[in-house]
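Me: I would like to go through this model one feature at a time. Please reason briefly and finish each reply on the value or name I ask for.

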Amino acid sequence: MISLNSEALAQLPSRQRATLINNLCGLRSANLIATRGTATTNLAIFNSVIHLGSDPALIGIVFRPLTVERHTYDNIKEFKAFTVNAVSESIVAKAHQTSAKYPETVSEFEAVGLTPLYREETHLPFVAESPIQLLCSYSQEHVLENGCVLLTAHIETVHIQQSALDTDMFVNHSKTNTMAIGGLDAYYHVTLEGRYAYAKADEPPKLL
(Lines give C-alpha, C1' and ligand atoms only; values in the text may rest on other atoms or scores of the structure.)
Protein backbone atom coordinates (compact mmCIF):
# COMPACT_ATOMS: atom_id res chain seq x y z
CA MET A 1 0.00 0.00 0.00
CA ILE A 2 1.28 3.49 -0.89
CA SER A 3 0.98 6.14 1.83
CA LEU A 4 1.07 9.89 1.14
CA ASN A 5 0.80 12.50 3.88
CA SER A 6 -0.32 16.10 3.29
CA GLU A 7 3.28 17.22 2.66
CA ALA A 8 3.82 14.53 0.03
CA LEU A 9 0.52 15.42 -1.63
CA ALA A 10 1.52 19.09 -1.76
CA GLN A 11 4.80 18.18 -3.48
CA LEU A 12 3.12 16.30 -6.34
CA PRO A 13 2.92 18.10 -9.71
CA SER A 14 -0.39 19.99 -9.75
CA ARG A 15 -1.91 17.92 -12.56
CA GLN A 16 -1.01 14.63 -10.88
CA ARG A 17 -2.29 15.86 -7.52
CA ALA A 18 -5.61 16.91 -9.08
CA THR A 19 -5.98 13.54 -10.84
CA LEU A 20 -5.31 11.65 -7.60
CA ILE A 21 -7.53 13.71 -5.31
CA ASN A 22 -10.36 13.79 -7.84
CA ASN A 23 -10.47 9.99 -7.83
CA LEU A 24 -9.97 9.19 -4.14
CA CYS A 25 -13.62 9.29 -3.03
CA GLY A 26 -14.84 6.94 -5.73
CA LEU A 27 -17.31 7.24 -8.56
CA ARG A 28 -19.80 10.06 -8.98
CA SER A 29 -22.85 10.63 -11.11
CA ALA A 30 -22.47 11.97 -14.65
CA ASN A 31 -25.00 14.67 -15.49
CA LEU A 32 -25.51 17.27 -18.17
CA ILE A 33 -26.78 20.61 -16.87
CA ALA A 34 -28.74 22.65 -19.41
CA THR A 35 -29.33 26.37 -19.01
CA ARG A 36 -30.37 29.32 -21.12
CA GLY A 37 -28.24 32.41 -21.48
CA THR A 38 -28.97 35.75 -23.10
CA ALA A 39 -27.52 34.55 -26.42
CA THR A 40 -28.29 30.82 -26.63
CA THR A 41 -28.66 27.58 -24.67
CA ASN A 42 -25.77 26.09 -22.72
CA LEU A 43 -24.97 22.47 -21.90
CA ALA A 44 -22.17 21.25 -19.65
CA ILE A 45 -21.18 17.96 -18.02
CA PHE A 46 -20.88 17.87 -14.22
CA ASN A 47 -19.63 15.24 -11.78
CA SER A 48 -20.62 17.23 -8.69
CA VAL A 49 -24.42 16.94 -8.55
CA ILE A 50 -25.35 15.54 -5.12
CA HIS A 51 -28.49 14.58 -3.21
CA LEU A 52 -29.14 16.87 -0.23
CA GLY A 53 -32.61 15.87 0.94
CA SER A 54 -35.96 14.37 -0.01
CA ASP A 55 -38.44 16.66 1.77
CA PRO A 56 -38.14 19.11 0.18
CA ALA A 57 -36.47 17.46 -2.81
CA LEU A 58 -33.11 19.21 -2.80
CA ILE A 59 -29.89 18.77 -4.74
CA GLY A 60 -26.54 20.53 -4.73
CA ILE A 61 -23.95 21.35 -7.38
CA VAL A 62 -20.36 22.25 -6.61
CA PHE A 63 -18.81 24.88 -8.89
CA ARG A 64 -15.10 25.53 -8.98
CA PRO A 65 -13.96 29.05 -7.91
CA LEU A 66 -15.55 31.80 -9.99
CA THR A 67 -12.20 33.19 -11.11
CA VAL A 68 -12.96 32.46 -14.78
CA GLU A 69 -16.15 32.48 -16.85
CA ARG A 70 -18.70 29.91 -15.64
CA HIS A 71 -21.50 30.04 -18.18
CA THR A 72 -23.66 27.49 -16.36
CA TYR A 73 -23.39 29.30 -13.04
CA ASP A 74 -24.04 32.71 -14.59
CA ASN A 75 -27.12 31.43 -16.42
CA ILE A 76 -28.54 29.80 -13.28
CA LYS A 77 -28.07 33.00 -11.29
CA GLU A 78 -29.78 35.06 -13.99
CA PHE A 79 -32.75 32.81 -14.80
CA LYS A 80 -33.00 30.90 -11.48
CA ALA A 81 -33.63 27.51 -13.12
CA PHE A 82 -31.87 24.70 -15.01
CA THR A 83 -32.30 21.07 -16.02
CA VAL A 84 -30.22 18.07 -14.92
CA ASN A 85 -29.94 15.19 -17.40
CA ALA A 86 -28.34 11.82 -16.63
CA VAL A 87 -25.62 10.68 -19.03
CA SER A 88 -26.24 7.25 -20.55
CA GLU A 89 -23.75 5.06 -22.41
CA SER A 90 -25.08 6.06 -25.84
CA ILE A 91 -24.20 9.75 -25.36
CA VAL A 92 -21.13 9.61 -23.13
CA ALA A 93 -18.66 10.83 -25.80
CA LYS A 94 -20.90 13.76 -26.75
CA ALA A 95 -21.51 14.56 -23.10
CA HIS A 96 -17.78 14.65 -22.37
CA GLN A 97 -17.22 16.98 -25.33
CA THR A 98 -19.39 19.63 -23.64
CA SER A 99 -16.48 20.19 -21.23
CA ALA A 100 -14.61 21.95 -24.05
CA LYS A 101 -14.41 25.75 -23.80
CA TYR A 102 -17.00 26.90 -26.34
CA PRO A 103 -17.77 30.62 -26.71
CA GLU A 104 -20.84 31.86 -24.84
CA THR A 105 -22.61 32.41 -28.18
CA VAL A 106 -22.24 28.74 -29.18
CA SER A 107 -24.81 26.20 -28.00
CA GLU A 108 -23.21 22.93 -26.92
CA PHE A 109 -26.38 21.13 -28.03
CA GLU A 110 -25.50 22.00 -31.63
CA ALA A 111 -21.72 21.75 -31.17
CA VAL A 112 -21.76 18.14 -29.89
CA GLY A 113 -24.91 16.85 -31.60
CA LEU A 114 -27.36 16.42 -28.73
CA THR A 115 -31.08 17.18 -29.03
CA PRO A 116 -32.83 19.88 -26.97
CA LEU A 117 -36.26 18.78 -25.76
CA TYR A 118 -38.82 21.37 -24.68
CA ARG A 119 -41.77 20.66 -22.42
CA GLU A 120 -44.70 22.81 -21.35
CA GLU A 121 -43.47 23.38 -17.79
CA THR A 122 -40.39 25.40 -18.76
CA HIS A 123 -38.64 27.41 -21.46
CA LEU A 124 -35.44 25.50 -20.64
CA PRO A 125 -34.31 22.51 -22.71
CA PHE A 126 -33.91 18.97 -21.46
CA VAL A 127 -31.57 16.53 -23.24
CA ALA A 128 -33.85 14.32 -25.33
CA GLU A 129 -31.40 11.40 -25.25
CA SER A 130 -31.18 11.35 -21.45
CA PRO A 131 -33.14 8.66 -19.52
CA ILE A 132 -33.53 10.78 -16.34
CA GLN A 133 -34.35 14.47 -16.56
CA LEU A 134 -34.93 16.98 -13.74
CA LEU A 135 -36.19 20.55 -13.77
CA CYS A 136 -34.66 22.47 -10.87
CA SER A 137 -35.01 25.95 -9.38
CA TYR A 138 -32.24 27.93 -7.68
CA SER A 139 -32.39 28.07 -3.88
CA GLN A 140 -29.17 29.19 -2.19
CA GLU A 141 -25.40 29.14 -2.49
CA HIS A 142 -22.53 28.77 -0.06
CA VAL A 143 -18.87 29.69 -0.63
CA LEU A 144 -16.57 26.92 0.64
CA GLU A 145 -13.15 27.34 2.24
CA ASN A 146 -11.32 26.72 -1.06
CA GLY A 147 -13.39 29.23 -3.02
CA CYS A 148 -15.69 26.63 -4.58
CA VAL A 149 -19.42 27.36 -4.52
CA LEU A 150 -22.07 24.90 -3.36
CA LEU A 151 -25.30 25.86 -5.11
CA THR A 152 -28.52 24.28 -3.85
CA ALA A 153 -31.71 23.81 -5.84
CA HIS A 154 -35.21 22.39 -5.52
CA ILE A 155 -36.36 19.60 -7.84
CA GLU A 156 -39.54 20.86 -9.51
CA THR A 157 -40.25 18.11 -12.04
CA VAL A 158 -38.92 14.59 -12.70
CA HIS A 159 -39.04 12.73 -16.03
CA ILE A 160 -37.71 9.16 -15.97
CA GLN A 161 -37.56 6.18 -18.30
CA GLN A 162 -40.49 4.01 -17.22
CA SER A 163 -38.62 0.69 -17.32
CA ALA A 164 -36.10 1.98 -14.76
CA LEU A 165 -38.64 2.77 -12.05
CA ASP A 166 -39.65 -0.10 -9.74
CA THR A 167 -43.01 -0.28 -7.97
CA ASP A 168 -41.46 1.03 -4.72
CA MET A 169 -40.09 4.06 -6.68
CA PHE A 170 -36.54 2.69 -6.65
CA VAL A 171 -34.56 3.96 -9.65
CA ASN A 172 -32.55 1.14 -11.22
CA HIS A 173 -29.72 2.93 -12.98
CA SER A 174 -28.48 -0.25 -14.62
CA LYS A 175 -31.66 -0.28 -16.72
CA THR A 176 -30.97 3.24 -18.02
CA ASN A 177 -27.33 2.46 -18.89
CA THR A 178 -26.38 5.41 -16.71
CA MET A 179 -22.65 6.15 -16.61
CA ALA A 180 -20.54 7.14 -13.60
CA ILE A 181 -17.45 9.38 -13.60
CA GLY A 182 -14.11 8.78 -11.93
CA GLY A 183 -12.21 12.05 -11.63
CA LEU A 184 -12.69 14.26 -14.67
CA ASP A 185 -12.33 11.92 -17.63
CA ALA A 186 -12.94 8.26 -16.72
CA TYR A 187 -16.40 6.77 -17.35
CA TYR A 188 -17.73 3.56 -15.82
CA HIS A 189 -20.71 1.30 -16.42
CA VAL A 190 -23.23 0.97 -13.60
CA THR A 191 -24.42 -2.51 -12.61
CA LEU A 192 -26.91 -3.34 -9.86
CA GLU A 193 -25.46 -6.19 -7.78
CA GLY A 194 -28.29 -6.29 -5.24
CA ARG A 195 -30.43 -4.33 -2.79
CA TYR A 196 -30.34 -4.92 0.95
CA ALA A 197 -33.21 -4.64 3.39
CA TYR A 198 -33.19 -1.89 6.01
CA ALA A 199 -30.32 -2.71 8.39
CA LYS A 200 -31.17 -3.65 11.99
CA ALA A 201 -28.64 -4.13 14.79
CA ASP A 202 -30.06 -7.49 15.87
CA GLU A 203 -30.40 -9.02 12.41
CA PRO A 204 -27.83 -10.13 9.78
CA PRO A 205 -27.74 -8.33 6.39
CA LYS A 206 -30.59 -9.47 4.18
CA LEU A 207 -30.99 -9.12 0.42
CA LEU A 208 -34.32 -7.94 -0.90
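Me: In which loop does N177 lie?
Reply: A word on the source comes before the answer: this is a predicted model. N177 belongs to a loop, and the strands on either side of that loop are β10 and β11. The place asked for is therefore the loop between β10 and β11.

Me: Is N177 buried, partly exposed or exposed?
Reply: Buried requires under 20% relative accessible area and exposed requires over 50%. N177 has a relative accessible area of 43%, so the residue is partly exposed.

Me: What is the phi of N177?
Reply: Most residues other than glycine have a negative phi. N177 is not a glycine, yet its phi is positive. The value is about 60°.

Me: What distance separates the C-alpha atoms of S90 and N177?
Reply: S90 sits in the loop between β6 (81-86) and α4 (92-97), whereas N177 is in the loop between β10 and β11. S90 counts as exposed because its relative accessibility is 65%. Along the chain S90 and N177 are 87 residues apart. Their C-alpha atoms are separated by 8.1 Å.

Me: What is the phi of K80, and where is K80 found?
Reply: K80 is partly exposed, given a relative accessible area of 40%. K80 is not a glycine but has a positive phi of about 65°. Its place is the loop between α3 and β6.

Me: What is the omega of the peptide bond from D55 to P56?
Reply: Most peptide bonds are trans. The bond from D55 to P56 is cis, and P56 lies in the loop between β4 (49-54) and β5 (57-63). Omega for this bond is near 5°.

Me: How many salt bridges does the model have?
Reply: The criterion is a side-chain nitrogen of Lys or Arg within 4 Å of a carboxyl oxygen of Asp or Glu. E141 and K77 form one such pair, and D168 and R195 form another. The count comes to two.

Me: How far apart are the closest N and O atoms of E141 and K77, and how many residues separate the parts that this pair ties together?
Reply: The closest N and O atoms of the E141 and K77 salt bridge are 3.1 Å apart. E141 lies in strand β9 and K77 in helix α3, so the pair ties together parts whose separation in sequence is 64 residues.

Me: Are E141 and K77 buried, partly exposed or exposed?
Reply: The limits to apply are under 20% for buried and over 50% for exposed. E141 has 25% relative accessibility, and K77 has a relative accessible area of 27%. Both values fall between the limits, so E141 and K77 are partly exposed.

Me: How far apart are the closest N and O atoms of D168 and R195?
Reply: D168 and R195 form a salt bridge. This pair links distant parts of the chain, 27 residues apart: D168 is in the loop between β10 (149-160) and β11 (179-182), and R195 is in the segment after β12 (186-189). D168 counts as partly exposed at 46% relative accessibility, as does R195 at 28%. The closest N and O atoms are 3.0 Å apart.

Me: Which backbone oxygen does the side chain of S130 reach?
Reply: S130 is in the loop between β8 (126-127) and β9 (132-143). Its relative accessible area is 6%, so S130 is buried. At 2.7 Å, its side chain reaches the backbone oxygen of A86.

Me: What is the length of the polar contact between the side chains of N85 and T83?
Reply: N85 is found in strand β6. With 0% relative accessibility, N85 counts as buried. The polar contact joining the side chains of N85 and T83 is 3.1 Å.

Me: Which residues gather in a patch of negative charge on the surface?
Reply: One of the members, E78, lies in helix α3 (residues 71-79). E78 counts as partly exposed because its relative accessibility is 47%, and patch residues must have over 30% relative accessible area. The patch gathers E69, D74, E78 and E104.

Me: What distance separates the C-alpha atoms of I2 and P205?
Reply: I2 is placed in the segment before α1 (6-11). I2 is exposed, with a relative accessible area of 75%. I2 and P205 are 203 residues apart along the chain, and the separation of their C-alpha atoms is 32 Å.

Technical notes:
Residues numbered from 1 in each chain as written. Predicted model: local features only at pLDDT ≥ 70, side-chain atom pairs only at ≥ 80, totals over all residues. Heavy atoms only, no water. Patch = residues over 30% accessible without salt bridge, like charges linked within 9 Å, V, L, I, M, F, W, Y side chains within 5 Å. Areas by Shrake-Rupley, 256 points an atom, 1.4 Å probe, with all protein chains shown as cover. Lys, Arg positive; Asp, Glu negative; His and termini not counted. Charge placed at Lys NZ, Arg CZ, Asp CG, Glu CD. Helix = DSSP H or I, 4+ residues; strand = E, 2+ residues; numbered from the N terminus. Buried < 20%, exposed > 50% of the residue type's maximum accessible area, 1.4 Å probe, protein only. Polar contact = N/O pair within 3.5 Å; in protein donor to acceptor, adjacent residues only side chain to side chain.
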